[in-house]
Amino acid sequence: MIDESGSALPEHGVPAEQVLAEIRQLRAMDRPTHGGRLFAYVYDPAVPGLDELATAAYALSAHVNGLDPTAFPSLLAMENALVGAAARLLGGGPGTSAPDAVGSVTSGGTESLILAVKAARDARPDVAAPRLVVPASAHAAFAKAAHYLRVELDTVPLDPVTLRPAVTEVAAAIRPETVLVACSAPAYAHGVVDPVEQIAEVAAAAGVRCHVDACFGGWTLPYLRRLGAPVPAFDLAVPGVTSISVDLHKYAYAPKGVSVLLHRDPELRAPQYFGYADWPGYTMINPVISSTRSGGPIAAAYATLRYLGDDGYLELARRTSEAVRELAGAVRGVDGLRLVAEPESTVVCFTATDPGLDLFVLVDELAAAGWHTQPQLTYAGLPRSVHLTVTAAVAPRAAEFGTDLAEAVTAARVAGPVVLPPELLALAGSLAPEALTGDLVAGLAAGLGLGGGGAALPDRMAPVNTLLDAAPPALRERLLVEFVSLLQRPAY
């Protein structure tokens, strides 16, 4: 039984089995990470024995510290092996146009993107006010990088039909202060691949680095191409692409969190490093943001790649592609739904064409049937949508999802759209973020079923999403920050 105080520090230690029982009890609150019913956050290949192998490998290196590779050469060897595998998959290494490609293992895609921006910024000390050009569909981690690193973010709008930026507008956004242009392969929200070749060309013409965020799809696109999919050029084989990132904890199916950031050559990577010797302790040299790093995730990723092998990943990509086709067909077969984009990778994204069908209610109905999907709010003329990240584990359940989707649509129509008080919607549309007070947010949260502590999460999120959808992005950000802050209260 979990300690009534909720504190992690009891007066006296408790037996190991009791501690594990507490964790199991807490984990029972979560959505299942396996079984093909969770279309976000986790990546399940449904390969027997893989979890056990990865867990064992993690345990073997959990206490190894990546801070000093001379003390722990095993970790250095595994990192270099992971970087080499990623480089070969993404157009680098011997016999390619990027034979000297180098890289680093990071904790995830956000760290990889922050480091790509840092390397580009620090490579241009002559620029006093550096700028970063990204499509509006670029991952929010670029905005985070710009915020942390004090780089100005220039966002290029999307074509509402293609969901891609116009290359001419990318070119027009590049200024003398621009240190990096970025694009996605694919963009997370809708799963479409940006015109990487053309964007890299205009960046190179301007003498600016070009980073490809392939964190989400970089490990699947090469295999989908081998299976016959018309995947456009997007990696280090493209002239002008100076760096690319890929998450191994996504479609390489390694445990979280492991990502790889690749640079075309060591000179491009050099500004990524941080070094400091002006203190009486050890000289700090870091290729990534963290200093101390557990070897557990790296060893688990190494074990995963070795166990699955190239042919294993090709088979997993085939199963995933089949699941995508079946899910997309299910969406097409339901009156009142349409695909936002034809699937190009491992994403199925759909919206509603029927005004009487509330997508946020549909998401709740699917959750009640055991399917966790990801609602996406309206943005710059693009409709609200439902995002499905499809993994190999979904393939055996795709037909079941199609049936449940049709039934959930019927149930959502019966329930009808969420109706919030007009004054609340008016407030959401007009309130300035800085006008929010703690009391006001607490009152909104209580009215929407959000309280303090994870147990107070509502069963249905449609009212919350409806309110957020009515608010402009800046207010959405502030509301969500305050909502999450209400949930994250310590147990004393």
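Let me start with one strand pair: β11 and β13 pair in the antiparallel sense over four bridges. Pairing here requires that DSSP finds at least two bridges between two strands. The strands and helices themselves are DSSP runs, numbered from the N terminus: E over at least two residues for strands, H or I over at least four for helices. Within that pair, Val348 stands opposite Leu388 in β13.

Before going on, the conditions. This is a predicted model, in which local features need pLDDT of at least 70 and side-chain atom pairs count only at pLDDT 80 or more, while totals for chains, interfaces and linings use all residues. Residues are numbered from 1 along each chain as its sequence is written, and side-chain values use heavy atoms, with hydrogens and water left out.

Back to β11, residues 347-352. On its other pairing, three bridges join β11 to β10 in the antiparallel sense, and Leu337 has Ala352 in β11 as its bridge partner. Five of the six residues of β11 are buried, so the strand is mostly covered; buried means under 20% relative accessible area, exposed means over 50%, and partly exposed is in between, with a 1.4 Å probe and protein chains only.

What is the order of the strands in this open sheet? There are four, in the order β10-β11-β13-β12, and the pairing is antiparallel. The edges are β10 (337-339) and β12 (374-376); each has a single partner strand, so one side of each is left without a neighbour in the sheet. From one strand to the next the twist averages 30°. For angles, axes are lines fitted to C-alpha atoms, for helices over the stretch in contact, and the values run from 0 to 180 degrees between N-to-C directions.

At the β12 edge, β12 and β13 (residues 385-389) run antiparallel and are joined by three bridges. Pro375 has Val386 as its bridge partner in β13. Helix α11, residues 359-368, lies across β10, β11, β12 and β13, and runs at about 125° to β11.

Now the other sheet. This one is also open, with seven strands in the order β1-β7-β6-β5-β4-β2-β3 and mixed pairing. Here β1 (102-106) and β3 (152-156) are at the edges with a single partner strand each, so one side of each has no neighbour in the sheet. Neighbouring strands are turned by 20° against each other on average, with direction ignored.

Inside that sheet I will take β4, residues 178-184. Seven of its seven residues are buried. Three bridges connect β4 with β2 (residues 131-135) in the parallel sense, and there Val133 has Val181 as its bridge partner in β4. Towards β5, residues 209-213, the pairing is parallel with five bridges. Val181 appears again, with Cys210 as its bridge partner in β5. As background, side chains in a regular strand alternate between the two faces of the sheet.

After β2 comes a loop residue worth a look. Ser137 is in the loop between β2 and α5 (140-149). Is Ser137 buried or exposed? Its relative accessibility is 12%, so Ser137 counts as buried. Not counting residues up to four places away in sequence, Ser137 touches Leu158, Leu163, Ala187 and Asp194, where contact means heavy atoms within 4.5 Å.

Next, a helix pair. Helix α10 (residues 296-332) and helix α12 (residues 398-415) pack at an angle of about 15°, with their axes 9 Å apart. That makes the two roughly parallel; the classes are under 35 degrees for roughly parallel, over 145 for roughly antiparallel, 65 to 115 for roughly perpendicular, and oblique for the rest. The crossing of α10 and α12 is right-handed, which is to say that the near helix is turned clockwise from the far one by less than a right angle. Which residues meet? From α10 they are Ala323, Glu326, Leu327, Ala330 and Val331, and from α12 they are Ala398, Ala399, Phe401, Gly402 and Leu405.

Last, Leu431, found in the loop between α13 (422-430) and α14 (438-447). Leu431 is buried, at a relative accessible area of 17%. Apart from neighbours within four places in sequence, Leu431 is in contact with Leu436, Leu440 and Leu475. Leu475 is 44 residues from Leu431 along the chain, and their C-alpha atoms are separated by 7.5 Å.
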